[in-house]
Every structure is written in structure tokens, then in C-alpha cells.
Amino acid sequence: MQLSKLSSSLKEGLAWIGKELHETIFDHYQELDSDDWFLNGTDTHVAVSYNCTYIAIAHLNTCFLCICEKDDYHLIQLENPCKYEGERITSLMWIAFKDNNKENVFLLIGTSEGFLRIHSVSTNSIIQEDRFHDSPIVKIKSQSVFHYTLLPNYQKEIILIIYSNSLVTIDPISFKKELNSMISNHDNDSYQFKKWILKDSTKTNDACCLYSYCCDVSIFEVMDLKSEFDIVGAGMKPTIAHYSTEEIDEMSVKQRTRVTKIATTVANKVYNFASSWIWGSSQNNTSETKNETSQEEQIPKGAFIPLSNQFFDEKREIFVAELDYSGKLLATSDSLGRVMIFDLSSMTVMRIFKGYREAQCYWIVIGQDTMSLEQSSSASTELLLIFAPRRGILEVRGMDGRRYFGMTVGTDKRLVKSSGSFIEGGETSFKYPQFYLISQIDGSIQKVSFDNISLDRIPLSDSKN
């Protein structure tokens, strides 16, 4: 593994954001009593696009964009990403779609009031606001299943909006057409989604879609299956939950966002921090009380899906769950400091790595930056990237449990996975995401490269896995 530094202007820009946030928010949040909180803790969220062209940094109800133009970064502050008193940003994700010869870039913003807001970079405005559930959005993520063992029409991508006991899935292909239409001043101002209610779930922190053809079934069984995918939730009680959608009519699950703006009765006041404390204004915070007689909030109903299998450990809570590119293995990190690898077809633990509290784990592919359907199994191998922030160690492990590569990067770092890249049109190759280390002290950023890792060091068994 290697670390490469990016533009110094980005480092200076991120340091400025940290200083700006600290000076303006400190007066309102006295617990921030030091200068080293920047990018640290659960109240700060970071999203990085492919090649680090776009960076979004949010803290509480404030969000900044860093946009690269001609190898230099400039900063933009989003206007009112949170509209209601007490509302804060809980998750960020970039998405980018091509429209003719131009690329449209959007930032998905999830909030504590359950809103998904879509910010368009080209128009520098929020073009859509939807509320799928009346609880906070836990996480926004994309999932990609691309593997040489799967047929071309089984290569899948999907966007997931995760709540504590429900899940919204969005197909990127239809999402692309509808978002591009929105910013082209067309009549379309809604998009299609599916909402799933996870029964018997106490708390869900992460989730993924388990496609039937990735499990150990024959192609004839796949053709007879009614549902496209099942859902796997990770959290607590149960720790890992497999929800079956087999009895659900998929056509009845499909919904469209509402054309009219969704009203809320939960929040009664509108923030206008741009003209108040965020820029140090001496004016008092202004708020507008919503009309008590406003229309009742319209939250879409979802399909209740039953629990079909589970892994239960009442003392363990899983925070991160990452599906591998074959769609069969799930890597998790939990409250007991363990990183585990599950075989989802049997819901059994294959490997356990101890001593990784607050760890981040992601699947990486060694040997290529893109995946083509024509490549053989020997062209690359899939390994597990683990970042242990308390020890400041970044390492790569194989399915045999060995640590093949490791590097000390410091305890001030946060590991960020790039988002926003999707296969479009007649493309036949998938770009694997990139990884960046961002300092929580000064905002300096480094790209994690795997170019110097040789497949010769990895046993054949791991390469096949």
C-alpha cells in the first residue's frame, strides 16, 4: 500500500473549514472545547467522489462542498441543507450521471428528521426533498455486485437509504433519467423507489441487498424465484437479520415520490443560519413557525417483510456491514471490537479478527482498477481492507486470516470510501471505488493506493475467493 498527497490547496481549504466551523459553532456547542475535533465524532460526515473531484463535509446542520477545478479547490457552503430546528445531517453520498456529453453531479443528504435532500452541483441548489420515514436516516450507501462468476445481466448496482427499522431502495438506472430530467427543466419532478419495513428489528445500523443468484442455487431455481433480492440488516437484536421478500409482489412495492412538497408536523421552526450565527451575524436567530393547520405529513407506506433467518448475539451490536463484490460474503465491525466475515448463504461466521474497536472495513480488489466481464479469475483477487482508528493502523487481510499488508497511518485519520460512480449505457466495465485518509486535525488528505501489491504474495485459494 502507498499513500499519495493531494493538492495543497485542498489541505488549506479543509483547514479553513475546520477553523470556520470551530469559531462559529463553538459558541453554541460548548462541548467543543479543543481545536482537534474537526472531522472527529459522529456529528461530522464526509463524502468523497471518484478521483476526489468533489468533497462534502457536514457538521450538525452545516455543509461545505470542495470542488476541484484545474487542480485547484474552491469552497461552497450549502444554503439551508437543514430547514427545521434541531435537524442535523446524518449521512452524505455523491452520485454522478452522464447526460449527453456532460456529467451531472448530485449530493444526497440524509437528515435526523428523515428527509432525503438532493443537491445539484450544476444549479447549486437543492432540487428535491422527500421524507420516506419519520425517523432519522442512519446511512446512505450504494451497493455493487460485479463478479466474473455472474452473467452480464446479473451485474447489479443499487442505492440504499437506511432507517432504524426500514429501508428504501432506488435503482440507479431509472434514478439517472429522472434526476437529469429535473435539472433540464422538464415536467418530471419525481422518481421511483421501493420501501421495505423490517419486521422484528430492534435497531438496524446497516443493510445490503442479497441477490438470489449469488447464493448456492441453480439457474433454474433462480428463474422460478419471485423476488429479485432479499434484504440483510445488521445492528442489534438480531445482530444479523435475513428478511425474505419472496411473498411480496414487487409491483406493489414500487412507488414514486410525491409531486407536492412534503409537509411535516414534527418540526415547527425553520432555521435560517446563513443570515444568522453561521456567518457571525449579530442578529438574533430567526425562525418561522409553521402553520399548525398545514396538511398532514405524507409519509409513504412500505411493504412489511418477515424475518427468515438470523444471527443473534444479545451482547453484540454491528455498526458496519459491507457486502463483497460476489454478493455472498458480509464483512462487519461491532461493539465488541471484532471484525467478522459472514457467509450469507448459511448465515455462519467464517473469520473473526479481534482488537478492532470502531473499525472501518471495506472489500478491495487487487490487480485492477476496473472489472471487465471478460476477465479471468486469475486477473485479480478480493481482500478485506481494515482501518483500526484507535491504533492508527491500515491493513489488508485475506480469507485465510493472514495479514498480508499493513501500514501505520496515525490515530488522527478517518478513512473515506469514494462514491458516485455507476455503470451507464453500453459500458462493460465497473470502476472499483477509491479510498482516502483525511486528517481529523488539519484536514490534509491522502489517497490510498494498492498498485505496489503483488498477487504473488497471496495464496491461490484467496485469489479464487
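Over the ring of which residue does the charged end of Arg117 sit? In this predicted model, the ring belongs to Phe115, and the charged end of Arg117 sits 4.8 Å from its centre. A second arrangement of this kind involves Arg391, which lies over the face of Tyr356 at 4.9 Å from the ring centre.

Aromatic rings also pair with one another. A pair of aromatic rings is described by the distance of the centres and the angle of the planes. The model contains 10 aromatic pairs. One of the pairs is formed by Phe311 and Phe342, with ring centres 5.1 Å apart. The planes of Phe311 and Phe342 meet at 75 degrees, and an angle over 60 degrees counts as edge-to-face, so this pair is edge-to-face. The contact links distant parts of the chain: Phe311 belongs to strand β19 (residues 307-311) and Phe342 to strand β22 (residues 338-343), 31 residues apart. Phe342 has a relative accessibility of 0%, and therefore it counts as buried. Elsewhere, Phe97, Phe175 and Tyr191 form one aromatic cluster.

Strand β22, which carries Phe342, is also part of an open sheet of four strands. The order in this sheet is β20-β21-β22-β23, and the pairing is antiparallel. At the edges stand β20 (318-323) and β23 (348-354), each of which pairs on one side only. From one strand to the next, the twist averages 20 degrees. Within the sheet, β21 (residues 329-334) and β22 are joined in the antiparallel sense over five bridges. Ala331 stands opposite Ile341 of β22.

The largest nonpolar core has 31 residues, and among these Trp196, Ile231, Ile240 and Leu330 touch the most other members. Several strands supply at least two residues each to this core, including β11 (156-162), β13 (192-198), β15 (229-236), β16 (240-243) and β18 (303-305). Strands β20 and β22 likewise each supply at least two. The largest share comes from β14, with five residues.

Helix α2 (residues 172-183) may be examined in terms of its length and burial. Its 12 residues should span 16 Å at 1.5 Å a residue, and because the end C-alpha atoms are 16 Å apart, the model agrees with that expectation. The buried residues of α2 are Pro172, Phe175, Glu178, Leu179, Asn180, Ser181, Met182 and Ile183. Phe175, buried in α2, is also a member of the aromatic cluster with Phe97 and Tyr191.

How values were computed:
Residues are numbered from 1 along each chain as its sequence is written. This is a predicted model: local features need pLDDT of at least 70, side-chain atom pairs count only at pLDDT 80 or more; totals for chains, interfaces and linings use all residues. Side-chain values use heavy atoms; hydrogens and water are left out. Rings of Phe, Tyr and Trp (its six-membered ring) pair if their centres lie within 6.5 Å; planes under 30 degrees apart count as stacked, over 60 as edge-to-face and the rest as tilted. Buried means under 20% relative accessible area, exposed over 50%, partly exposed in between (1.4 Å probe, protein chains only). A charge sits over a ring if NZ of Lys or CZ of Arg is within 6 Å of the ring centre and within 35 degrees of the ring normal. Two strands pair if DSSP finds at least two bridges between them. Axes are lines fitted to C-alpha atoms, for helices over the stretch in contact, and angles run from 0 to 180 degrees between N-to-C directions. The expected span of a helix is 1.5 Å times one less than its number of residues. A nonpolar core is a set of buried Ala, Val, Leu, Ile, Met, Phe, Trp, Tyr and Cys residues joined through side-chain atoms within 4.5 Å.
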